[in-house]
Amino acid sequence: MSNNNATSVPEAYPMNGGDGIYSYTKNSSYQRAAANVAKTLIDEAIAEKLDIEDFSSASSNAFRIADLGCSVGPNTFACVQNIMEAVKQKYGSHMPDFHVFFNDHAANDFNTLFATLPPERHYFAAGVPGSFHGRLFPEASIHFAHSSYATHWLSKLPEEVTNKNSPAWNKGKIYYTTSPDQVSNAFAAQFRTDMAIFLEARAKELVAGGMMVLIMQTIPDGIHQSRIPTGIMFDFLGSILMEIAKEGLISEEEVDAFNIPVYTTTPNEMAELVERNGSFSIVKMESTSPWLKVGHTVNNTQQRLARELRAGMEGVFKTHFGSDIVNQVFDRLNDKSGQLINQLESSHRQGTQLFLALKRK
């Protein structure tokens, strides 16, 4: 995720790099479970809607895949392999060369990504640093774009949510879960701006007939943000920060100036944004339920929950509060994670992941 500063250079908050105890490499089981839920849907979309004749006669015999917001692995490698296997079924014996572009912010730990590339891979690999809220590739150069659990990060935090004079000031909270409508509307407006830019860029980069799959967190119709796991977890982190502020270790003003730049969309909202863009047709859109699978696929111990949240969120917390407070936050989260797990057990977990397959017109 990125935050545009005065010079419009993206500021990145990447997932934790390396392979240590708090690394994303070792603490991304939920994202892996989510990708596994989507695998069959990707296979079906490619089998039913990818027309290789649209571009197989091109002078280059390469099939180019882009994974946007790839982080450090290993999930990105599994996703790419799944896409390749499905595409191979379409090509049959006339197999192209596969060229895979791994994209994330320049601050991403590309060293770990490249060091852990599968040694027996059957594709050419390249890293593409930069924000996907803008162009990354030449025009009509990508055949299949994929992004999983990345597009919910906003390009920047809506300025009004940290402005004391704004009706959207989010005082005492770090997310919009239980905030007034003005706050959630500000987050929604920023997401719609970002997604419009994202879709416009991908429309230029994808070949005619090319496909894009987006896997993202979503809110089912009629369900409030405060009832889904993401909202519950972010509110819990906010309560820990306020606890630390009341002890005088940080000021409440520092908490007021901090918000997590993430937005959870709805299926209807995404459909409207795709229609407004006009360059894509929706070939498959389905809400899935990875949280219902997690209990069976992830060892949901208290320590693991705290580590997984830290691996994904430490960067944005550290930038604002510094390392000492980050340690305080996540040490306390570890101590209190039993309470969080109890809250998550009663959350609404049905249909909280959106699978969206688009085809370039």
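Begin with the whole protein chain, which is a predicted model. Among contacts between residues at least 6 apart in sequence, 82% join residues at least 24 apart. The chain has 361 residues, and 56% of them count as buried. Its secondary structure comes to 10 helices and 9 strands. Switch on a surface if you like: the chain exposes about 15,200 Å², with 47% of that supplied by carbon and sulfur atoms.

**The sheet**

Show the strands next. Seven of them form an open sheet, and reading across it gives the order β5-β4-β3-β6-β7-β9-β8, with mixed pairing. The edges are β5 (124–129) and β8 (280–288), each of which pairs on one side only. Looking from strand to neighbouring strand in this sheet, the average turn is 15°, direction ignored.

**Strand β3**

Select residues 62–68, which make up strand β3; 7 of its 7 residues are buried. Which residues cover each of its two sides? On one side are Ala 62, Arg 64, Ala 66 and Leu 68, and on the other Phe 63, Ile 65 and Asp 67; all are buried, leaving both faces of β3 covered.

Now add the strands that pair with β3. Strand β4 (residues 97–104) runs parallel to β3 and is joined to it by 7 bridges. To find one of these places, pick Ala 66, whose bridge partner in β4 is Phe 101. Follow the chain from β3 through helix α2 (residues 75–91) to β4: this β-α-β crossover is right-handed.

Strand β6 (residues 142–148) is also parallel to β3, and 3 bridges join the two. Stay on Ala 66 here, since its bridge partner in β6 is Ala 145.

**From β4 to the edge**

Keep β4 in view and add β5. These two strands pair in the parallel sense over 6 bridges. Select His 99 and look for the residue opposite, which is Phe 124 in β5. Between the two strands, include helix α3 (residues 110–115): β4, α3 and β5 make a right-handed β-α-β unit.

**Helices on the sheet**

Return to α2 and display it together with the strands beneath. This helix lies across β3, β4 and β6, and its direction is at about 150° to β4. Then select residues 267–277, helix α7, which packs on the sheet and touches β7 (206–217), β8 and β9 (353–360). What angle does the direction of α7 make with that of β8? It is about 170°.

**Helix α5**

Finish with residues 229–246, helix α5, and place a distance between its end C-alpha atoms. They are 26 Å apart, which agrees with the span expected for 18 residues at 1.5 Å a residue, also 26 Å. Is α5 enclosed or open to the outside? Of its 18 residues, 14 are buried, so the helix is largely enclosed by the rest of the structure. Last, step past the end of α5 to Gly 248, which follows the helix and has a positive phi, near 85°.

Methods: Residues are numbered from 1 along each chain as its sequence is written. This is a predicted model: local features need pLDDT of at least 70, side-chain atom pairs count only at pLDDT 80 or more; totals for chains, interfaces and linings use all residues. Side-chain values use heavy atoms; hydrogens and water are left out. Helices (H or I, at least four residues) and strands (E, at least two) are DSSP runs, numbered from the N terminus. Buried means under 20% relative accessible area, exposed over 50%, partly exposed in between (1.4 Å probe, protein chains only). Contact means heavy atoms within 4.5 Å. Accessible areas come from the Shrake-Rupley method with a 1.4 Å probe; for residues, only the protein chains shown count as cover. Two strands pair if DSSP finds at least two bridges between them. A crossover is right-handed if, with the strands pointing away from the viewer, the path from the first strand over the helix to the second runs clockwise. The expected span of a helix is 1.5 Å times one less than its number of residues. Axes are lines fitted to C-alpha atoms, for helices over the stretch in contact, and angles run from 0 to 180 degrees between N-to-C directions.
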